[in-house]
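Please study the sequence and the model shown below before attempting the exercises. Each task is followed by a solution in steps.

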Amino acid sequence: MKAPAFDYIKPRHLDAVFQLQADYGDEARLLAGGQTLLATLNMRLSEPALLIDITGITALKGISLQGSFLRIGALATHSEIEASALVAQHAPLLSLAAPHIAHRAIRNLGTWGGSIAYADPAAEWPACLMALDGIVVVQSAKGERRIAAQDFFLDLYSTALAEGELITACELPIAAPDQLFAFDELARRHGDYAIVGLALAATRAQGGLVGVKLAFLGLGKTPLRATAAETWLGQRPLTADLLEPLLEVLRSELDPLADLTNSAATKRHLALVLARRGLTAMLNPGTP
Ligand SMILES: Cc1cc2nc3c(=O)[nH]c(=O)nc-3n(C[C@H](O)[C@H](O)[C@H](O)COP(=O)(O)OP(=O)(O)OC[C@H]3O[C@@H](n4cnc5c(N)ncnc54)[C@H](O)[C@@H]3O)c2cc1C
């Protein structure tokens, strides 16, 4: 199918975007990499009157260090993030996750901001943002606000972005030298959206892992932090003898939504496989 007719404009400044959003309201859509939006237009899932192409706006581009944060501009493409030395050094979780996103051609065009805004519960970046306790920076004609990842993803494809707001960047706390990260997912074929995925972060200390954070994708309507399992561990370091009890807490906590091909029980099982694998590898660094 072909997309319905629409007008197209490529402003150079954010003020012009905000003006167009005010003029067109719900009839306008922001266009970034187009890797999701154009498919939905072609399927006629929405029929906006105007596409506002934001890819010419310099303020939304780039990856930079800003104090204790790594700033990922909304227009940073998946491939830029994958290849970035700054990301590899300061937010290595993203370097681990990037190759799992679709195929190279899509990663070359698709953007960080588009993925966060679209909020697909099976997407990699939202889960990474949750695992890292990142912050979403949004802007509108009224000014800027910062939203914690935990408060950003509200429901299926639904976020805390208000009308007239766009994502300008995200801020990720820079990784400490003793922090460990892991990302893994299970998909039917490489490049497919994952059935289940897991972003992990922890700090090596006190003879084990402290501050373990588990963020799952593909289990619910949003990316999910396993808060019951994290709270159960509390201040205790995770050591090998606590792994199975932790996984039991996780088993009770996870309440996955079935999809067209996988039951909730299958998804719970796969999530536990990923958690056991990831945490075992973190507890035993250097073993294959
Ligand atoms: C075949 C295929 C396979 C894919 N597989 C995966 C996968 O495995 N994992 C994965 O994560 N993704 C996957 N994707 C999606 C891809 O990652 C998209 O790039 C991403 O979801 C959207 O980014 P985009 O820049 O293309 O956004 P667009 O398609 O341009 O926009 C998506 C939505 O976000 C809004 N938007 C865009 N930028 C902003 C902003 N700065 N502020 C506010 N709203 C904004 C748009 O208005 C639109 O509603 C796949 C896509 C395809 C076509």
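The exercises below concern the domains of this predicted model and one of its sheets.

**Exercise 1.** Determine into which domains the chain is divided, and describe how domain 1 meets domain 2.

*Solution.*
Step 1. The chain divides into domain 1 (7-53), domain 2 (58-173) and domain 3 (179-283).
Step 2. Taken over C-alpha atoms, the centres of domain 1 and domain 2 are separated by 19 Å.
Step 3. Contact between these two domains involves eleven residues of domain 1 and 15 residues of domain 2.
Step 4. On the side of domain 1 that touches domain 2, helix α1 (residues 14-24) gives the most, with five residues.
Step 5. The residues of that side comprise six nonpolar, five polar and no charged.

**Exercise 2.** State in what order the three strands of the open sheet are arranged, and explain why one side of β1 and of β2 is left without a neighbour.

*Solution.*
Step 1. The order in the open sheet is β1-β3-β2, with parallel pairing.
Step 2. β1 (7-9) and β2 (28-31) are at the edges and have a single partner strand each, so one side of each lacks a neighbour in the sheet.
Step 3. From one strand to the next, the twist averages 25 degrees.

**Exercise 3.** Identify the bridge partner of Tyr 8 in β3, and describe how α1 packs on the sheet.

*Solution.*
Step 1. β1 and strand β3 (residues 50-53) run parallel and are joined by three bridges.
Step 2. Leu 51 is the bridge partner of Tyr 8 in β3.
Step 3. Helix α1 packs on the sheet and touches β1, β2 and β3. The direction of α1 makes about 165 degrees with that of β3.

Technical notes: Residues numbered from 1 in each chain as written. Predicted model: local features only at pLDDT ≥ 70, side-chain atom pairs only at ≥ 80, totals over all residues. Domains from an automatic or database assignment. Contact = placed C-beta atoms within 7 Å. Helix = DSSP H or I, 4+ residues; strand = E, 2+ residues; numbered from the N terminus. Nonpolar A, V, L, I, M, F, W, Y, C, P; charged D, E, K, R; others polar. Pairing = 2+ DSSP bridges. Axes fitted to C-alpha atoms, helices over the stretch in contact; angles between N-to-C directions.
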